[in-house]
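Hi,

Here is the model I promised you. Have a look at it first, and my notes follow below.

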Amino acid sequence: MARAEQQRTTDAARRPLDPAAIAELRAIFGPERTLTEEWDRAVYSYDASFKSVLQPGLPDVVVQPASTAEVAAAVRVAAKYRAPVVPRAGASAMTGGSVPHRGGITLDLRRMNRVLEVDLDNLQVLCEPGIIHKDLNERLLPHGFSFPVDPGSTGMATVGGMVANNACGMRAVRYGSTAHYVLGLEVVLASGEVIWTGSPGSRALQSASGLNLTGLFCGSEGTLGVITTLRLKILPKSPARGVVTALFDRLEDAGEGTRLVFRGGIVPSALELMDRAAIRAVNAYKAGLDLPDAEALLLIEIEGQPAGVREAAQTVAQTLGALSTRVQWADDPAEVAALWGARSVLGAAAGLIRPHSTRVATGEDIAVPIARMPETLRAIHAIAERWAIPCTTYGHIGSGNVHSAFVIDPRDQDEVERVLRASDEIHELALAMGGTVTGEHGVGSVRPQFMAREHGPALAAMQAVKAALDPLGIMNPGKLLPAEGSDGV
Ligand code: MLT
Ligand code: ZN
């Protein structure tokens with residue numbers, strides 16, 4: 001079967017939901033928060049993945065809980081009727097993780113968006129999963145604090161979704177992934193029981209007690225339970241920041257430059273790559289910005305005290321001097337904001353490199369060792385050329401995470417087939433380079449087939465954890481892990 005046909009095939013494990021389950025949910029949520037009309041449910045049948053364009057997944061019913069107790073009640077109904085439960089909020093993910101390919105009950109968690117407690121003295125907040133990342137930071141910034149992980153989709157991504165996918169984004173190079181900031185989680189398990197990970201009564205910032213269940217739920221993509229409250233670490237915001245912009249004649253030199261920045265003793269707060277196509281896409285999208293034309297551009301952000309920021313910027317400029325064709329420095333807040341504004345529109349702008357076409361999220365998120373970045377970048381371009389598909393390359397090169405944004409005409413079946421083949425090759429490339437098939441976007445329903453190759457015997461241990469916590473297999477089935485004994489294709 002052709003690759004595109006495989007993706008379009010309806011999940012064989014899909015079973016119709018017992019109408020009695022819907023009646024029980026309606027009794028809990030009332031008619032307003034129990035969505036059964038097809039046009040309402042259709043809104044929940046996709047995310048930002050290309051897979052969900054080829055194969056939308058219609059839930060049988062959507063409920064909109066406003067509390068942990070309501071989530072637990074919905075999960076108990078799901079367990080009683082053996083129905084899939086799929087948590088969802090911003091749906092900005094690019095891997096089909098919140099798309100209910102097997103139908104069942106979708107939990108729309110966007111009503112659970114409260115900040116419950118801001119505890120500045122103890123560097124933490126307590127919040128619900130449906131709060132949007134930007135809204136959380138708007139609550140913290142007036143106090144001089146922030147939740148420092150910064151996904152490209154800050155205006156859409158919810159904090160619960162970031163934890164469920166262990167999101168990273170532009171500042172992971174210095175601050176690490178979302179999981180580094182999760183101190184504890186309230187979770188509704190597949191039985192409907194509610195637990196707290198990370199010691200329920202604790203407000204400590206660290207713990208060596210017990211198994212690290214918090215870490216287990218970070219990145220579990222809704223397959224082990226539903227996160228209903230989060231205890232998150234926050235940090236004081238640095239008083240100053242500036243951005244070094246460096247241009248290169250060769251893509252490989254940008255990869256090499258990245259290695260040299262660290263060798264120079266600098267840990268930037270962001271180290272982003274844009275290739276020539278990405279620069280052109282941003283210029284087309286944001287008229288007036290006029291990023292300089294180059295084969296590759298690095299944005300290197302330094303944060304800290306003003307004097308230290310300037311000194312570090314000079315070190316970066318000197319380090320890159322021999323490789324780069326031009327190095328510039330900006331610390332005017334408006335200029336810095338404009339540069340990050342340009343970077344943050346890239347995901348949407350990428351499609352502009354070709355008229356009447358669309359950027360598709362597929363094979364877009366590999367991470368490789370930094371030292372192998374130069375050859376990885378060249379290999380990505382070679383794959384795009386071999387399959388004759390325009391592609392922009394950009395991403396969080398400082399943490400080895402590179403995005404390849406393919407741009408196709410989705411009405412052209414041959415192009416669809418080619419882009420899926422090219423994406424498979426990108427994933428294969430990641431493994432060949434000693435990397436991972438996903439640096440930040442997650443596995444969802446588009447990458448389980450690579451899990452055995454990437455994880456080896458550790459996959460069976462993951463499947464055992466899944467079976468122990470979700471014996472009925474109702475928590476977001478078909479995502480993240482291939483079923484035992486299957487290769488996930
Ligand atoms: C980004 O870095 O902009 C995001 O991860 C999304 C994308 O790949 O476009
Ligand atoms: Zn990214």
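How many disulfides does a search of the whole structure find? Zero. Keep in mind that this is a predicted model.

Two cysteines are worth a look here. Cysteine 168 is in no disulfide, and the nearest cysteine sulfur to it belongs to cysteine 218, 11 Å away. Cysteine 218 is likewise in no disulfide, with the sulfur of cysteine 168 as its nearest cysteine sulfur, at 11 Å. A disulfide needs the two sulfur atoms within 2.5 Å, so a separation of 11 Å rules this pair out. Are these two buried or exposed? Cysteine 168 counts as buried, at 12% relative accessibility, and cysteine 218 is buried too, with a relative accessible area of 10%.

Now for the ligand. Which residues surround ligand 1? They are Met94, Arg343, Gly347, Arg359, Tyr394, His396, His403, Glu440 and His441. Sorted by class, that shell has two nonpolar, four polar and three charged residues.

Three histidines in the shell come up again when you look at side-chain contacts to oxygen atoms of ligand 1. Histidine 441 has a polar side-chain atom 2.7 Å from a ligand oxygen. For histidine 403, a polar side-chain atom lies 3.1 Å from an oxygen of ligand 1. In histidine 396, a side-chain N or O atom is 3.1 Å from a ligand oxygen. As for how much of the ligand is covered, ligand 1 exposes 270 Å² when taken alone, and the protein buries 88% of that.

Cheers

Conventions
Residues numbered from 1 in each chain as written. Chains lettered and ligands numbered in written order. Predicted model: local features only at pLDDT ≥ 70, side-chain atom pairs only at ≥ 80, totals over all residues. Heavy atoms only, no water. Buried < 20%, exposed > 50% of the residue type's maximum accessible area, 1.4 Å probe, protein only. Near = heavy atom within 4 Å. Polar contact = N/O pair within 3.5 Å; in protein donor to acceptor, adjacent residues only side chain to side chain. Areas by Shrake-Rupley, 256 points an atom, 1.4 Å probe, with all protein chains shown as cover. Nonpolar A, V, L, I, M, F, W, Y, C, P; charged D, E, K, R; others polar.
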